[in-house]
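Reader: I have just opened this structure and would like some help with reading it. Could you take me through a few features, one at a time?

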Amino acid sequence: MFTLRLATKNDMPEVLNLIKELAIFEKEPDAVEVTAEDLVADGFGATPAFVSFVAEDAGSVVGLALFYYRYSTWKGKTIHLEDLIVTQSHRGKGVGKALLTEVIKYGHSKQVKRIEWNVLDWNTPAIEFYENNGAKVLRDWDVVQLDEQGINTYINRL
């Protein structure tokens with residue numbers, strides 16, 4: 001059995017391990033730049049950048065839902081679920097659904113108008129999981145990003 005709770009500063013090293021596990025799964029093993037110290041500073045300072053729930057089993061963090069507020073000019077206050085991660089050994093045991101449920105309950109309690117997240121188009125099990133739980137996968141939208149290098153290039157062109 002596992003338990004769900006809000007994450008604490010002390011969870012961040014294990015949270016970072018889950019993030020790295022996800023990066024390997026998503027075929028980007030060297031992409032993680034954030035540190036446990038960054039997670040503590042960004043998530044538990046005076047103005048936290050995110051909220052997170054963890055799933056814990058036998059004293060170890062086995063799942064994570066990390067999210068933050070956004071604002072839609074069409075809808076109002078929304079939540080962006082940045083990552084929903086379950087360690088390989090605990091997949092298929094209800095951890096992901098329990099974490100997603102916690103985020104949805106949290107969003108409902110805060111009266112958000114929408115909860116949104118991204119999923120890789122090749123991650124069929126995740127897409128099926130989300131669709132089976134009532135989510136719409138918007139296949140006609142593309143994600144647009146400026147990474148740190150892109151930001152610097154843009155600024156340098158001004």
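**Reading the features, one by one**

Author: Gladly! At 24% relative accessibility, Arg5 counts as partly exposed. Do keep in mind that this is a predicted model.

Reader: Thanks! Which residue forms a salt bridge with Arg5?

Author: Here is the general idea to begin with. Side chains of opposite charge can pair when their charged atoms come close. In this case the partner of Arg5 is Glu56, with the closest N and O atoms 3.2 Å apart. Because Arg5 belongs to strand E1 (residues 3–6) and Glu56 to strand E2 (residues 51–57), the salt bridge ties together parts that are 51 residues apart in sequence. Glu56 is partly exposed, at 22% relative accessible area.

Reader: How many salt bridges does a search of the whole structure find?

Author: It finds seven. One of them links Arg91 and Glu21, whose closest N and O atoms are 3.8 Å apart. Arg91 sits in the loop between E4 and H3, while Glu21 is in helix H1 (residues 12–25), so this pair ties together parts that are 70 residues apart in sequence. Arg91 is partly exposed at 34%, and Glu21 is partly exposed at 24%. Another salt bridge runs between Glu116 and Arg114, where the closest N and O atoms are 3.0 Å apart. Salt bridges can also share partners: Arg5, Asp11 and Glu56 are joined into one network in that way.

Reader: Now for burial. Is Glu116 buried or exposed?

Author: The cut-off to know is that buried means under 20% relative accessible area. Glu116 has 18%, so it counts as buried. Arg114, its salt-bridge partner, has 32% and is partly exposed. For another buried residue, look at Thr78 in strand E4: its relative accessibility is 1%, and therefore it counts as buried.

Reader: Which residues is Thr78 in contact with?

Author: Leaving aside neighbours within four places in sequence, its contacts include Tyr68, Tyr69, Arg70, Tyr71 and Ser72, and also Val112, Arg114 and Glu116. You have already met Arg114 and Glu116 as a salt-bridge pair.

Reader: Where does His90 lie?

Author: Look in the loop between strand E4 (76–86) and helix H3 (95–109). His90 is buried, with a relative accessible area of 13%. Its side chain makes a polar contact of 2.7 Å with the side chain of Asp57. Not counting residues up to four places away in sequence, His90 touches Val62 and Val95 as well as Asp57.

Reader: And the sheet: what is the order of its strands?

Author: To read a sheet, follow the strands across and see how each one pairs. Here the five strands form an open sheet in the order E1-E2-E3-E4-E5, with mixed pairing. E1 and strand E5 (114–116) are the edge strands, each pairing on one side only. From one strand to the next, the twist averages 25°. E1 and E2 run antiparallel and are joined by four bridges; in E2, Glu56 is the bridge partner of Thr3.

Reader: Which strands does H1 lie across?

Author: H1 lies across E2, strand E3 (60–72) and E4, and runs at about 80° to E3. H3 packs on the sheet too, touching E1, E2, E3, E4 and E5, and its direction makes about 165° with that of E4.

Conventions. Residues numbered from 1 in each chain as written. Heavy atoms only, no water. Helix = DSSP H or I, 4+ residues; strand = E, 2+ residues; numbered from the N terminus. Buried < 20%, exposed > 50% of the residue type's maximum accessible area, 1.4 Å probe, protein only. Polar contact = N/O pair within 3.5 Å; in protein donor to acceptor, adjacent residues only side chain to side chain. Contact = heavy atoms within 4.5 Å. Salt bridge = Lys/Arg side-chain N within 4 Å of Asp/Glu carboxyl O. Pairing = 2+ DSSP bridges. Axes fitted to C-alpha atoms, helices over the stretch in contact; angles between N-to-C directions.
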